[in-house]
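These are my notebook entries on the structure shown below. I record what I looked up, chain by chain.

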Amino acid sequence: MTKKAVLQLDALTCPSCMQKIENAVKNHAGVEKVKVLFNAGKVKADFNDEQTSAEDLAAVVTKLGYTVEKIKVKA
Amino acid sequence: MKFQNWIQNHINQITLLTAVLIVLGYAGKFAGSSLTYNIVLAVASIIAAVPIMLHAYQALRVKVISIELLVSIAVIGAFIIGEYNESAIVTFLFLFGSYLEARTLSKTRESIKSLTEMAPTTATLVHDDGTTEEVDVDDVEEDDIVLVKTGASIPVDGVIVDGHGYTDESAVTGESREITKQVDDDVFSGTMLSDGYLKVRATKVGDDTTFAKIIELVEDAQDTKSHAEKFIDRFAQYYTPAVLVIALLVFIFSRDFKLAITVLVLGCPGALVIGAPVSNVAGIGNGAKRGILIKGGDAMDTFAKVDTFVFDKTGTLTKGNTSVAKVNNYDLPLEQAFALTAKIESLSDHPLGRAVVNYAEQKDYNYQALNIADNQTIKGQGLSATIDGHAVLAGNHKLLAANNVHLSASQQEDLAELKTTGSSIVLVAVDGKLELMLGIADIIRPEVAAELQHLREKGAKHLVMLTGDNQATADYVAQQVGIDEVHAELMPEQKVEFVKQFQQAGRTVAFVGDGINDSPSLATANIGIAMGSGTDVAIETSDVVLMQSSFHALVHAYGLAKKTVLNTKENIVIAIGVVAFLLLGLIAGFIFMASGMFVHEISILVVIFNAMRLINYGHEKAAPTAKLATAK
């Protein structure tokens with residue numbers, strides 16, 4: 001089933017960070033749609049919960065060197 | 001992984017250390033030791049380059065050619081040719097610049113952040129057995145009862161089931177004012193209970209609350225890009241790799257390694273990429289703080305171009321409740337005549353009757369003690385009764401005609417004049433003579449005429465009213481507030497037609513409505529403005545939402561849009577100017593790596609500071625209205 005994850009990051013300062021995060025999350029298996037909100041410092045992603053989880057996505061972002069402050073999942 | 005996080009967390013210390021080393025290195029140079037100078041600066045370069053290269057590598061892994069990559073290559077290049085001072089200063093400026101950008105950017109985001117921070121995080125849940133429990137706000141469900149104490153923020157949208165108090169709804173409406181709340185009143189998430197004690201039954205929780213929707217809207221808005229920004233984004237995407245290619249070509253053709261790596265540094269898009277979004281964020285934040293939600297850069301752009309404002313309904317321009325607007329009294333003293341009228345009307349629950357009674361209450365006319373007898377309602381005409389021995393009739397001209405009450409010539413004139421205002425008219429006869437003539441109408445908001453004038457001063461050319469009301473009322477209201485064009489007695493679909501006609505005539509149209517029944521027009525207009533309504537439909541269909549039904553907010557929003565768009569343009573000009581300057585400098589030979597990076601970082605700060613001016617836009621003007629609101 002498709003679920004919606006919202007990751008709150010600490011402040012993003014360079015627009016190229018945004019592209020980086022977007023590409024990394026998009027290429028993760030099970031992710032259907034990604035939107036990175038530069039100013040709000042949020043990543044919104046639709047994902048298939050059989051293939052991946054919000055925690056996995058948070059790990060992807062953390063690996064890029066950004067701190068994930070809060071994870072929220074909506075059905 | 002751990003190493004990377006450590007670097008990330010100590011980036012400020014690394015920047016500082018680099019700065020200290022650079023100073024030491026130069027100190028060594030002046031002391032005559034060029035060996036110390038070179039070694040210390042080389043060490044500084046390596047330390048500062050680590051975080052930059054890590055970022056470059058991470059980006060490359062997800063196939064993004066980042067600015068960090070350009071800088072990394074340039075630094076390595078400088079290192080190879082032994083320009084340690086250049087590499088040290090470039091890396092330091094890059095890190096320090098990022099730090100300053102982060103600090104100043106957070107200023108432009110502050111207004112929105114302060115809004116989101118008002119969002120409650122915990123709630124006190126009341127269980128059926130009366131015990132309470134502190135829970136996360138996401139765990140509250142509809143129909144749960146929550147307890148709110150003085151000083152706390154209300155965690156849900158709901159209805160008060162017990163207690164009373166004063167709330168400050170400024171987070172939702174942008175209007176700071178104490179509002180009394182009692183049982184059965186609605187309360188909104190994010191509002192502060194400044195005094196009192198409430199038990200609230202939740203009707204909307206979590207992301208469904210009005211406040212959560214506002215936050216989401218504003219967050220999305222500040223990241224919804226205008227056409228110009230989208231263009232710059234696409235441009236930047238190809239621009240960075242292109243710079244890499246250009247640097248390579250420069251090297252191949254000129255065989256000048258130093259020139260090639262300088263091109264890499266100068267090629268950082270910098271101010272161009274940050275300039276437009278930062279203006280929009282500051283502008284949208286300014287609005288959000290005042291209960292004005294502008295949905296993104298596109299809405300901002302179009303709003304700034306609007307030349308025609310179309311107002312829906314007379315209700316947008318009036319107070320929206322009928323009241324006594326005109327009183328003509330004749331032989332009897334005013335107070336006596338009005339008291340008799342109020343007494344007879346107090347028996348009716350006709351809207352006109354209620355307006356009369358309200359007016360009497362306001363003026364403190366003593367009508368309640370009067371004795372009334374023989375009261376009758378005559379359908380389609382009005383009321384009759386005997387009050388303190390006087391025969392009183394209150395109603396329309398048919399009632400008077402039926403009772404043989406005749407109007408004098410001057411009274412006829414008064415009546416004709418009153419008719420032109422489009423008001424409903426109540427005629428009152430006492431003992432067979434007309435004594436009172438009342439015009440009852442929707443009262444025009446006192447501030448409207450002046451605010452519409454401000455709208456014109458800011459660039460509005462046509463002010464139009466499209467209304468379902470009758471022609472007389474519409475004409476009267478339009479003339480009072482200074483509207484150019486009026487079309488009355490319209491159906492909603494006819495309003496849409498008018499909006500389309502204006503657009504075909506080449507005008508950019510903003511449609512101002514209350515969000516009820518006018519969604520088609522809101523959607524058709526170039527900019528739909530929902531005024532004074534937090535309904536879901538209004539929030540979704542419109543481009544601009546004014547949380548308070550205030551014309552001052554409308555004028556502010558319009559001015560803000562114009563200022564923001566101007567600010568964006570200024571930033572783009574600054575950014576392009578800087579690029580041109582750097583190119584010129586490169587050709588003329590006075591710009592090299594370190595100085596190029598310096599100019600770059602300065603230009604980024606300049607555009608951010610320029611955008612920050614928007615945060616305080618309209619600050620001086622906001623003060624008097626705030627006072628007015630508390631005075632009421």
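In what order do the seven strands of the open sheet in chain B lie, and which kind of pairing do they show? I looked this up first, keeping in mind that the model is predicted.

**Entry: the sheet of chain B**

I read the strand order as S8-S20-S19-S18-S9-S16-S17 in chain B, with mixed pairing. At the edges I found strand S8 (292–294) and strand S17 (485–487) of chain B. Each of these two has a single partner strand, so one side of each is left without a neighbour in the sheet. I also noted the turn between neighbouring strands of this sheet, which is 15° on average with direction ignored.

I then followed one edge in detail. S8(B) pairs with strand S20 (residues 544–546) of chain B in the antiparallel sense, over three bridges. Within this pairing I located Ile292(B), whose bridge partner in S20(B) is Leu546(B).

**Entry: the domains of chain B**

I took the domain assignment of chain B next. It gives domain 1 as 2–115 and domain 2 as 122–152 + 157–204. Domain 3 is assigned to 281–309 + 447–471 + 479–557, and domain 4 to 319–444. For the separation of domain 1 of chain B from domain 2 of chain B, I recorded 50 Å between the C-alpha centres.

**Entry: the fold of chain A**

I turned to chain A and counted two helices and four strands in its secondary structure. Starting at the N terminus, I read the elements as β-α-β-β-α-β. The radius of gyration of chain A is 11 Å, close to the 11 Å from the globule rule for 75 residues, so chain A is as compact as a globular protein of that length. Along the principal axes, I noted that its C-alpha atoms fill a box of roughly 35 × 20 × 20 Å.

I checked burial and contacts as well. Of the 75 residues in chain A, 53% are buried. Among contacts in chain A with a separation of 6 or more, 64% join residues 24 or more positions apart. The exposed area of chain A is about 3,300 Å², and carbon and sulfur atoms supply 49% of it.

**Entry: the sheet of chain A**

The four strands of chain A that form an open sheet follow the order S2-S3-S1-S4, and I found their pairing antiparallel. Strand S2 (31–37) and strand S4 (68–74) of chain A are the edge strands, each pairing on one side only. From one strand to the next, the twist averages 15°.

Finally, I examined strand S1 (residues 2–9) and strand S3 (residues 42–48) of chain A, which pair in the antiparallel sense over seven bridges. Here I found Thr2(A) opposite Asn48(A) in S3(A).

Conventions. Residues numbered from 1 in each chain as written. Chains lettered and ligands numbered in written order. Predicted model: local features only at pLDDT ≥ 70, side-chain atom pairs only at ≥ 80, totals over all residues. Heavy atoms only, no water. Pairing = 2+ DSSP bridges. Axes fitted to C-alpha atoms, helices over the stretch in contact; angles between N-to-C directions. Rg over C-alpha atoms; globule rule 2.2 N^0.38 Å. Buried < 20%, exposed > 50% of the residue type's maximum accessible area, 1.4 Å probe, protein only. Contact = heavy atoms within 4.5 Å. Areas by Shrake-Rupley, 256 points an atom, 1.4 Å probe, with all protein chains shown as cover. Domains from an automatic or database assignment.
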